[in-house]
Amino acid sequence: MAIYRSRWLPLLLLLLACQAARAADELTLAIEPFLSARALVGAFQPFCNHLSNRAERKVIPITAPNYDQYAQRLLNQEFDIAIIGPHTALLAAQRANYLPLLKGEGFLKALLIVDKNSAYQKPADLKAQTIALPDHLTMTSMLGTEFFRPADAAPIDVHFRYNDFHNTAALMMLRGEAAAAVVADSALLPMSMEIRENIRIIAESKQVPQMVILIHSRIPVKLRSKLLDAMHDYIKITAPQKNFLARVGFSAAKPLTDQDNRQLAPYVEELKRRLGP
């Protein structure tokens, strides 16, 4: 038996080394979990294929079961590339050696939605009601709470119920388990027709910078440049109806500005508070 093991051990070690080398040659692109994992990975696979072909490195789309786990893994520097909300992107740049590559075109807004047949017309009509929101760490949830904390009036007493995803918050409302829901404008577009045809928007938040694409500083500069060029090309050449990146705001892409950073600073501090020590 010892002879048998000694013959096969070098081959086993070689196979393990080859697997490790293949894994090391792959890059992960982690998408913020604003929809289910299956939906996100399928939607972003064409983008990853394009990056793989241009950068000559396999790019694997991944996500996490919820925003909390995603944020922790991001701050633990587990992802090579990430598509994430702007406040979390800035925190990752501060704490975890990520570099902001691009932000989406336009702005991100939170939408307060209700069943289209309901009587609600404004946030004040929802006093004492339950409001469904996505994960408490998301920029959308932070903006959503501001609907009920107006600067020029008394707070509106409501009950918040957090969900893992934007679409589950919307479905919670449509099932009658909440009077209203808060979702991001960029997350509403790719939702099912069942949701979009049965909701009504009664309020919109202020605008903040769009989602951000990060890359970790461990990625070599030459490879970073290839990936950035490939991202720009994908945004330009892919038809919008087939381009999920465009559907969440990346129909064009620009770097974050100092003004963006100043606007996001309070939300970065609130994110730190919610994450805890």
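Strand S7 and strand S9 (residues 180-184) run parallel and are joined by 2 bridges, where strands are said to pair if DSSP finds at least two bridges between them. The strands and helices named here are DSSP runs numbered from the N terminus, with at least two residues (E) for a strand and at least four (H or I) for a helix. The structure is a predicted model, in which local features need pLDDT of at least 70 and side-chain atom pairs count only at pLDDT 80 or more, whereas totals for chains, interfaces and linings use all residues. Residues are numbered from 1 along each chain as its sequence is written, and side-chain values use heavy atoms, with hydrogens and water left out.

Within the pairing of S7 and S9, Ala 132 has Ala 181 of S9 as its bridge partner. Ala 132 also stands opposite Arg 161 in S8, and S7 (residues 130-133) runs parallel to S8 (residues 159-162), to which 4 bridges join it. Between S7 and S8 the chain passes through helix H5 (residues 139-146), and this β-α-β crossover is right-handed, a term used if, with the strands pointing away from the viewer, the path from the first strand over the helix to the second runs clockwise.

Strand S9 is also paired with S6, in the antiparallel sense and over 4 bridges, and in this pairing Leu 112 has Val 182 of S9 as its bridge partner. Strand S6 is in turn joined by 5 bridges to strand S10 (residues 199-204), again running antiparallel, with Val 114 opposite Arg 200 in S10. Of the 6 residues of S6 (residues 110-115), 5 are buried, so this strand is largely enclosed by the rest of the structure; buried means under 20% relative accessible area, exposed means over 50%, and partly exposed lies in between, with a 1.4 Å probe and protein chains only.

Aromatic rings were examined next. The whole structure contains 6 aromatic pairs, a pair being two rings of Phe, Tyr or Trp (its six-membered ring) with centres within 6.5 Å, counted as stacked if the planes are under 30 degrees apart, edge-to-face if over 60, and tilted otherwise. The rings of Tyr 67 and Tyr 70 form a tilted pair, because their centres are 6.4 Å apart and their planes meet at 40°. These two residues lie 3 residues apart in helix H3 (residues 67-75), so they are separated by about one helical turn. Tyr 67 is buried at 1% relative accessibility, and Tyr 70 is likewise buried, at 0%. Elsewhere, ring pairs link Phe 147, Phe 148, Phe 160 and Tyr 162 into a cluster.

Two loop residues were also considered. Gln 210, in the loop between strand S11 (208-209) and strand S12 (212-216), is buried, with a relative accessible area of 3%, and a polar atom of its side chain lies 3.5 Å from the backbone oxygen of Phe 107. Lys 58, in the loop between helix H2 (37-55) and strand S2 (59-62), is partly exposed at 48% relative accessibility. Leaving aside residues up to four places away in sequence, Lys 58 touches Asp 25, Glu 26, Leu 27 and Ser 52, where contact means heavy atoms within 4.5 Å.

For the chain as a whole, the secondary structure comes to 11 helices and 13 strands, and 48% of the 277 residues count as buried.

Conventions: Polar contact = N/O pair within 3.5 Å; in protein donor to acceptor, adjacent residues only side chain to side chain.
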